[in-house]
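Here are my notes on this one, jotted down while going through the model. Have a look at the structure first, then read on.

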Amino acid sequence: AQARRPSGRPGIPTKRQAATAMGRKARADSSSESEDERRVKDKKKKEEKKKAKEDAKKAKEDEKRKREEEQRQAKDAKSRGPDLSQKDFEEHAFGNVFIQSHRKTDREFTPVNSLTPELKDKKVWLRARVHTSRKQGNKLCFLTLRQDLGTVQAVCFGPELAGYAGNLPDESVVDIFGSVQCPEVPINSCTQSLVEVGVEKLYCIGRSQALPVQLADLSRPEEDYEKDPSLVKVSQETRLDNRVIDLRTVANQAIFRIQSGVCTLFREFLLNMSFQEIHTPKMIGGASEGGADVFEVKYFDGKAFLAQSPQLYKQMALMTDMPRVFEIGPIFRSEKSFTHRHMTEFTGLDLEMTFKDHYHEVLDVLDGLFNHIFEGINKRFPKEVEAIRKQYPFKDLKWKHPCLRIPFPEAIQLLRSKGPAILEKRIAAEEREYERGIMQKHLESVKAHQDEADISTEDEKLLGVVIDEEYGEELYIIDKFPKDVRPFYTMPDPNDVRWTNSYDVFLRGEEITSGAQRIHDPTMLAKQCEAFGVPVSSIQSYIDAFKYGSHPHRG
């Protein structure tokens, strides 16, 4: 045993033992490192494998799209007809023309809406979209052409011309030359029902690709879904994703025209009343109404805010001796709301004016303004009104000039006395328990509505029904709102401090504009700021505007 013991002192490992121990430790460390490396390598391999699969899938999809595109192009090449030069396209009866401003022609285009029987046998040029196409046999094709709000039928004869027309995708833009004809039977599917166009030349100047959503689905009247629930109903999300196509519907075209018309009529009336148009800042250094619902934006090394309202600037403009001002411009509100009345961005139509004796002088202007706008829409945009009504049915607006004006206390009394009966009828007719519960709560709140409590959205709608039944009017003004529901700059009523010289204009039970006589005395304004908890320093420049001689005014 002693002969086999390694040499050296007891307890001290020999060089061989030390080397062996170090080897074991190195192998252990190596094993540990190898395990970590293996895990990293395995993870990397999995990621590479996953990426390879994704790349292969993408390559396969790209290849598929490429084949489909080649097939589409081959199909288009077969049916699209000849490509013509803008320099001499009139020498051909049909084909595709790319307008690149090579030259001017002497063509005079006729609007589709102007096609009437008085133009019978006259030669016309039209530029319009292919709304629909219908081919009959090899020698006849009917096109429905759409331009703005008008549609007309175009008839193509002959195998080549009809074949070319029949292969035009819907929504393609075309130039057509032909003669105006009067069919024996009116074409009721078109707005220009008493005429059609006999096509002699047809050129596609903007070929449409396959549509992601059909115009027929986008244009379908609401009532059609009640008759046939299986019809395709396009969601709002799909409409917004394909907004360029959605806005081509006749109803949407009409809405935008009337929107433009409202601004024109607003501006027209006020200019005739000696108002001056101004343009106020929209990127400002502080909240324009002192509230928190503002959008903050980066302004170089600092910050700015998007304007909530032009009101303070309008008032300051009056103090520069512009007696009557108005503005049409964007307004931004950082309000997290899901109602149709609270938009984060909208176009505001604002006015501000001085007055001589009483703020009701301004109500007279507002009353006349709305009457001018409503009459102007009916007289100038009858086709647009009917186009909207066809897709979104509505009843004609009921209003009088001058319109109904009712003090706030009387409006609340009317709501309490007449509103409950209307709600009780609705509750009795409602089958859904949840809805009945909501109506019941509203009924109880209406009965207990306090004289100086604000009017909720549901109260406004109910009051609109009451006023319609009682007075037969849908446009009305509620005057003298309580002081606790109005901003600090609102002038108090001179006879009763509970009320203010303020008002709202309502249309069909919804507020469409709000206004008041403003406080124009700087001392009184500062006191009101303190009473409402508004720091005077935050609006000092606004208060200073009234220090050097100020006019009584409202907006």
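**Notes on α10 and its surroundings**

1. Start with helix α10, residues 382-391, in this predicted model. Its buried residues are Glu-384, Val-385, Ala-387, Ile-388 and Gln-391. They sit on the same side of α10, because the arc they cover around the axis is only 160°.

2. Now flip to the other face. Turned away from the buried side of α10 are Lys-383 and Lys-390, both exposed.

3. What lies over the buried residues of α10? The cover includes α3 (215-218), α4 (222-227) and α5 (236-241), along with α7 (250-272) and α9 (360-380).

4. The α9/α10 pair deserves its own point. Their axes come within 5 Å of each other and cross at roughly 90°. So α9 is roughly perpendicular to α10, given that 65 to 115 degrees counts as such.

5. Which residues make that contact? From α9 you have Ile-377, Asn-378, Lys-379 and Arg-380, and they meet Pro-382, Glu-384 and Val-385 of α10. Sorted by class, the contact of α9 with α10 has three nonpolar, one polar and three charged residues.

6. Last stop is Lys-356, placed in the loop between β13 (345-354) and α9. Buried or exposed? Lys-356 has a relative accessible area of 69%, and the cut-off for exposed is over 50%, so Lys-356 is exposed.

7. One distance to go with that: Lys-356 and Glu-474 are 118 residues apart along the chain, and their C-alpha atoms are separated by 30 Å.

Definitions and conventions
Residues are numbered from 1 along each chain as its sequence is written. This is a predicted model: local features need pLDDT of at least 70, side-chain atom pairs count only at pLDDT 80 or more; totals for chains, interfaces and linings use all residues. Side-chain values use heavy atoms; hydrogens and water are left out. Buried means under 20% relative accessible area, exposed over 50%, partly exposed in between (1.4 Å probe, protein chains only). Helices (H or I, at least four residues) and strands (E, at least two) are DSSP runs, numbered from the N terminus. The arc is that of the directions from the helix axis to the C-beta atoms. Contact means heavy atoms within 4.5 Å. Axes are lines fitted to C-alpha atoms, for helices over the stretch in contact, and angles run from 0 to 180 degrees between N-to-C directions. Angles under 35 degrees count as roughly parallel, over 145 as roughly antiparallel, 65 to 115 as roughly perpendicular and the rest as oblique. Ala, Val, Leu, Ile, Met, Phe, Trp, Tyr, Cys and Pro count as nonpolar, Asp, Glu, Lys and Arg as charged, and the others, Gly among them, as polar.
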